[in-house]
Amino acid sequence: MLDITARVHPHVRISVKQVKSKPRVLSVEDDHDIAKLIHFNLVNAGFSPRQVSTGEEALHSVVSDATELIILDLALPGIDGLTVCRRLKEDAQTRAIPILIVSARSEEEDVIAGLEIGADDYITKPFSVRLLIERIRTLLRRVDLSSNERSFEESKSDTIIRNELMLDTARHMC
C-alpha cells in the first residue's frame with residue numbers, strides 16, 4: 001500500500017492511500033470440476049478470478065474485465081483454445097496479456113504449437129496447483145518488469161505516449 005500525504009494549507013493535510021488491486025485472472029475451462037479447483041486456488045492465492053467455459057465467452061470477457069492474465073484450456077466447445085490464443089495475440093489491444101495454456105494435450109507437438117501461436121507458458125494436465133500458481137506469479141512479474149522498463153525508457157524521452165495522448169515534455173505541449 002502506498003500512502004501519500006500532502007499539505008494543501010499550513011494547517012490542513014490530505015492523505016491518499018493507494019491499495020494495490022488483486023490481479024484479474026480469466027480462467028477458460030469447460031470442465032466444471034477443474035474450473036472450480038482453479039477458481040478456489042486463485043482466490044486463496046490472492047487473485048481475482050473470473051471463469052468462462054467457451055472460447056467465445058473468453059474473447060468477449062478479456063477486454064471488458066480488464067484481464068491481466070489468461071489460463072486457457074485448448075479443448076473448448078465452439079472456438080478452440082488455439083484459435084482463442086491466436087486471435088488474442090493478433091489483436092493490439094490484447095496482445096500483451098500473458099496466456100498460460102493448461103491442457104491435457106501433452107505431446108511435444110501440442111506444446112510447441114501452443115507456444116508458437118503465442119502462449120507465454122504451457123502446463124499439462126494433470127497439474128500441480130502450486131506449480132500453476134507460481135507460473136501465474138512469474139508471468140505477472142514479467143509483465144510488471146516489462147511495464148517498468150517501458151516507463152523508464154519513456155522517462156528518458158522528451159515525448160510520452162499513453163493510448164491516444166502524446167505529451168511533449170520539452171515543449172510542455174499535448
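These legends walk through several close-up views of a predicted model of the protein.

**View 1. The whole protein, with its 5 helices and 9 strands.** This opening view sets the scene for the close-ups. From one end of the sequence to the other, the elements come in the pattern β-β-β-α-β-α-β-α-β-α-β-α-β-β. The protein has 174 residues, and 31% of them count as buried. Its exposed surface comes to about 11200 Å², with carbon and sulfur atoms supplying 53% of that area. Among contacts with a separation of 6 or more, 50% join residues that are 24 or more positions apart.

**View 2. An open sheet of 5 strands with parallel pairing.** Follow the strands across the sheet and you will meet them in the order 4-3-5-6-7. Strand 4 (48–52) and strand 7 (121–124) stand at the edges; each has a single partner strand, so one side of each is left without a neighbour in the sheet. From one strand to the next, the twist averages 20°.

**View 3. The edge of the sheet at strand 4, where strand 3 is the pairing partner.** Strand 3 (residues 24–28) pairs with strand 4 in the parallel sense, over 5 bridges. For a handy landmark, look for Ser 27, whose bridge partner in strand 4 is Gln 51. Between strand 3 and strand 4 the chain passes through helix 1 (residues 32–44), and this β-α-β crossover is right-handed.

**View 4. The edge of the sheet at strand 7, where strand 6 is the pairing partner.** Here strand 6 (residues 99–103) and strand 7 run in the parallel sense and are joined over 4 bridges. Val 102 is a good place to start, with Ile 123 of strand 7 as its bridge partner.

**View 5. Helix 2 (residues 55–64) and its buried residues.** Which residues of helix 2 are buried? They are Gly 55, Ala 58, Ser 61 and Val 62. Seen down the axis of helix 2, these buried residues fall within an arc of 120°, so they line one face of the helix. As a reminder, an α-helix has 3.6 residues a turn, so residues three or four places apart point the same way. The buried residues of helix 2 pack against strand 3, strand 4, strand 5 and helix 3. Turn to the other side of helix 2 and you will find His 60 and Ser 64, both exposed.

**View 6. The loop between helix 2 and strand 5, with Thr 67.** Helix 2 is followed by Ala 66, which has a positive phi, near 50°. Is Thr 67, in this loop, buried or exposed? Thr 67 counts as buried because its relative accessibility is 10%, below the 20% cut-off. Leaving aside residues up to four places away in sequence, Thr 67 touches Arg 24, Leu 26, Ser 61, Val 62 and Ile 97. Two of these names will be familiar from the previous view: Ser 61 and Val 62 are among the buried residues of helix 2.

**View 7. Helix 3 (residues 81–90), lying across strand 5 (69–72) and strand 6.** Helix 3 runs at about 160° to strand 5. Within helix 3, take a look at Arg 86. With a relative accessibility of 33%, Arg 86 counts as partly exposed. Where does Glu 116 lie relative to Arg 86? The two are 30 residues apart along the chain, and their C-alpha atoms are separated by 9.5 Å.

Conventions
Residues are numbered from 1 along each chain as its sequence is written. This is a predicted model: local features need pLDDT of at least 70, side-chain atom pairs count only at pLDDT 80 or more; totals for chains, interfaces and linings use all residues. Side-chain values use heavy atoms; hydrogens and water are left out. Helices (H or I, at least four residues) and strands (E, at least two) are DSSP runs, numbered from the N terminus. Buried means under 20% relative accessible area, exposed over 50%, partly exposed in between (1.4 Å probe, protein chains only). Contact means heavy atoms within 4.5 Å. Accessible areas come from the Shrake-Rupley method with a 1.4 Å probe; for residues, only the protein chains shown count as cover. Two strands pair if DSSP finds at least two bridges between them. Axes are lines fitted to C-alpha atoms, for helices over the stretch in contact, and angles run from 0 to 180 degrees between N-to-C directions. A crossover is right-handed if, with the strands pointing away from the viewer, the path from the first strand over the helix to the second runs clockwise. The arc is that of the directions from the helix axis to the C-beta atoms.
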